[in-house]
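Reader: Could you walk me through one helix in this model and what sits around it? I'd like the cut-offs spelled out as you go.

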Amino acid sequence: EVRSLDGRNQAWADALVADHFGSARVVSRGHLHQTTDLPCLTAYDAGAPVGLLHYRLDDAGDIEVVTLIAVRPQHGVGTALLDALVEQAELPGAVA
């Protein structure tokens, strides 16, 4: 299951990003991002978070994936997160 990050798992997400990138600040495409300020999708397995994806809309309205982290690589977590982002972006009136 993939859904937007909620407050119950914010500390988990912050720790996961810091573990992978050294802090909540990430540079992507020449821009410095504070991941706590970005929208985030989270993948869950049996109710436990197993991956996350932070994204933003760029100035042209395109979606930029800023982080993509799977706790269990090679289990389809990243694919599920990307598929959910694409589905969300295709909804009528969606802004991503």
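Author: Here is a look at helix H1 and its surroundings.

This is a predicted model, so a bit of bookkeeping: local features need pLDDT of at least 70, side-chain atom pairs count only at pLDDT 80 or more, and totals for chains, interfaces and linings use all residues. Residues are numbered from 1 along each chain as its sequence is written, and side-chain values use heavy atoms, with hydrogens and water left out.

Helices (H or I, at least four residues) and strands (E, at least two) are DSSP runs numbered from the N terminus. H1 covers residues 10-21. Its 12 residues reach 16 Å from first C-alpha to last, close to the 16 Å expected at 1.5 Å a residue; that expected span is 1.5 Å times one less than the number of residues. Right after H1 comes Gly22, with a positive phi near 90°.

Now, which residues of H1 are buried? They are Ala13, Leu16 and Val17, where buried means under 20% relative accessible area, exposed over 50%, and partly exposed in between (1.4 Å probe, protein chains only). Viewed down the axis of H1, these buried residues fall within an arc of 95°, so they line one face of the helix; the arc is taken from the directions from the helix axis to the C-beta atoms. Ala11 and Asp19, on the other side of H1, are exposed.

What does the buried set touch? The buried residues of H1 pack against strand E2 (25-28), E5 and E6, with contact meaning heavy atoms within 4.5 Å. As a whole, H1 lies across E4 (40-45), E5 and E6, running at about 75° to E5. Axes here are lines fitted to C-alpha atoms, for helices over the stretch in contact, and angles run from 0 to 180 degrees between N-to-C directions.

Those three strands belong to an open, antiparallel sheet of four, ordered E1-E4-E5-E6; two strands pair if DSSP finds at least two bridges between them. E1 (2-4) and E6 (63-70) stand at the edges with a single partner strand each, so one side of each has no neighbour in the sheet. From one strand to the next, the twist averages 25°. E5 (residues 48-57) and E6 share seven antiparallel bridges, and His54 stands opposite Thr67 in E6.

One loop residue ties in here. Thr35, between strand E3 (31-34) and E4, counts as buried at 3% relative accessibility. Beyond its neighbours within four places in sequence, Thr35 is in contact with Val17, Ala24, Val26, His54 and Thr67.
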